[in-house]
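Me: Please take me closely through one part of this model, and then show me how its surroundings fit together. I am new to this structure, so a short explanation of each term would help.

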Amino acid sequence: MTSDLLAPLDLAFWNMESDRHPMHLGALGVFAAHSPTAGAHAADLLAARAAAVPGLRLRIRDLWQPLAFGGAARESDPDFDPLDHVRLHAPTDDFHAVAGRLMERPLERGRPPWEAHVLPGEDGVSFAVLFKFHHALADGLRALKLAAGILDPVDLPERAPRPVEPPRGLLSDVRRLPARVPGLVRDALSDAGRALDIGASLARSTLGMRPCAALTSTPSGTRRTAGVVLDIDDVHRVRKSAGGTVNDVLIAVVAGALRRWLEERGDGTEKVAPRALIPVSRRRPGTAQTQGNRLSGYLIRLPVHEPDPLGRLHTVRTAMVRNKDAGADRGAGAVALLADHVPALGHRLGGPLVGQAARLWFDILVTSVPLPGLGLRLGGHQLTEVFPLAPLAPGQALAVAISTYRGHVHYGLVADARAVPDLDRFAHAVSAEVETLLSVCDH
């Protein structure tokens, strides 16, 4: 039986989990149904196809051998049975309510850590599928690849290779040292410089603004989900009028929605600028099959305290440009990269501590998960909506994931159900913020 050791970041995610800290990500896809039995047919298809996707057979096994130093490894499960992972539920009229309860449940650690829950709609004209993947098995891009393997086959266009940007920041010129300097020395100096840059950026990120209590919670293990659908044309109207990128607009919408939500709750927004972690994939063309996580990130302050919606967008745009100029491997959001230099035993013993430290590192996760522009189907049934669901870090109350699919932007919201019983109000605030931006831009 072949196996491969978990990378340090994957191992940290694996050891971070507990009953109160389920560390899985997911996606809730809504499909148009041709008949009341479409959900049952979809469940049969998912189970039948899962056996042919090698990545879905992988379980994670803890290792305590002397040379493994407390690590873990992925290996093919010889007893893999798709029926252990695909479940058909009773009809429901609220996909998100059921998804929230299902996202509470930790994945069983003794077998491949993923599940597909099929939720027939009571209306008979729709059904939903909730995919769950442990974060140690897959990041967002890898999870998309695995889920696509059990949907109807589609021909995905190949992406043109992107040039690799040279590193910037403190000691970046070490890479230009003379060729006679041994490569290992150059790498060590570069790593040290990167670590110093990350540490300095992280220290600076803790200064200035007061924390946002509404985004911090004692972990309860409970989950609530909600979704928001926007017209991508509205987002482009704002972008063309106010400048920036689509991603800048979508992040600014989160900042504005937080402001509305906090004010409605009576929490106040003066000097509130929560730190948002914006994950950045480090995957390169040709590495799509790589298991686990290939992540860095940007860290920005969401200008919740700023009353002007265009002012919030300008602040977000400026921060994102600054992050991109510095590169994704040096700012405070790149802390995950330091995991590459921590021995496996450190992740084994320190996993829970790393999880608790997340609230000191950032206040809210805002992540984007790319989807193919082509229409996805399951058993011939069209995927009409898809809400990505990000993992919720221990001690944090809310996470936001965003995907663009067939002319619409989908916000997937995950919250600690006890800390955020009013998640629907935040979802409404997202829609209201877009309307405000449109109104301001049109005038």
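Reply:
**A loop residue and its surroundings**

Thr222 sits in the loop between helix H5 (183-205) and strand S8 (224-231). Helices (H or I, at least four residues) and strands (E, at least two) are DSSP runs, numbered from the N terminus. What you see is a predicted model, in which local features need pLDDT of at least 70 and side-chain atom pairs count only at pLDDT 80 or more, while totals for chains, interfaces and linings use all residues. Residues are numbered from 1 along each chain as its sequence is written, and side-chain values use heavy atoms, with hydrogens and water left out.

Is Thr222 buried or exposed? With 15% relative accessibility, Thr222 counts as buried; that word means under 20% relative accessible area, while exposed means over 50% and partly exposed is in between (1.4 Å probe, protein chains only). Setting aside neighbours within four places in sequence, Thr222 is in contact (heavy atoms within 4.5 Å) with Glu104, Ala415, Asp416, Ala417 and Arg418. The chain also brings His21 into the picture: 201 residues separate His21 from Thr222 along the chain, yet their C-alpha atoms are 9.2 Å apart.

Glu104 leads us to helix H3, which spans residues 95-104. Because seven of its ten residues are buried, H3 is largely enclosed by the rest of the structure. The buried ones are Phe95, His96, Val98, Ala99, Gly100, Leu102 and Met103. They pack against five strands: S2 (24-32), S6 (114-120), S7 (126-134), S8 (224-231) and S13 (381-389). S8 is thus a partner of H3 as well as one end of the loop that holds Thr222.

Now for the empty space. Rolling a probe the size of a water molecule over the atoms shows where such space is left. The structure holds two cavities of 30 Å³ or more. On a 1 Å grid over the protein atoms alone, a cavity is a set of points where a 1.4 Å probe fits but cannot get out, and lining residues have an atom within 4 Å of a point. Points are joined across faces, edges and corners, and a volume is the space filled by probe spheres set on them.

The largest cavity has a volume of about 50 Å³. Two residues already met, His21 and Asp416, help to line it, together with Arg20, Ser217, Pro219, Arg223, Leu392, Ala393, Pro394, Gly395 and Gln396. By class, this lining has four nonpolar, four polar and three charged residues. Here Ala, Val, Leu, Ile, Met, Phe, Trp, Tyr, Cys and Pro count as nonpolar, Asp, Glu, Lys and Arg as charged, and the others, Gly among them, as polar.

The second largest cavity holds about 30 Å³. Its lining consists of Pro22, His24, Met103, Arg223, Ala390, Pro391, Leu392 and Val414, which split into six nonpolar, one polar and one charged. Met103 is one of the buried residues of H3, while Arg223 and Leu392 appear in both linings.

Stepping back, where does the nonpolar packing lie? The largest nonpolar core has 52 residues, of which Leu258, Leu302, Tyr411 and Phe426 touch the most other members. Such a core is a set of buried Ala, Val, Leu, Ile, Met, Phe, Trp, Tyr and Cys residues joined through side-chain atoms within 4.5 Å. Helix H7 gives this core its largest share, eleven residues. Apart from it lies another core of 35 residues, including Phe31, Phe80, Trp114 and Val386. Beyond four places in sequence, the contacts of Tyr411 include Ala226, Gly227, Val228 and Leu230, residues that fall within S8 (224-231).

For the wider frame, the protein has eleven helices and 15 strands, and 52% of its 443 residues count as buried. Among contacts between residues at least 6 apart in sequence, 79% join residues at least 24 apart.

Lastly, a word on confidence. The mean pLDDT, the predictor's confidence in each residue from 0 to 100, is 81 for the protein, and 73% of the residues reach 70 or more. Over residues 162-177 pLDDT is below 50, and this stretch has 28 contacts in the model beyond near neighbours in sequence. Residues 345-351 also stay under 50, with 17 contacts beyond four places in sequence.

Technical notes:
On a 1 Å grid over the protein atoms alone, a cavity is a set of points where a 1.4 Å probe fits but cannot get out, and a pocket is an open set with protein on both sides within 12 Å along at least five of seven lines; lining residues have an atom within 4 Å of a point.
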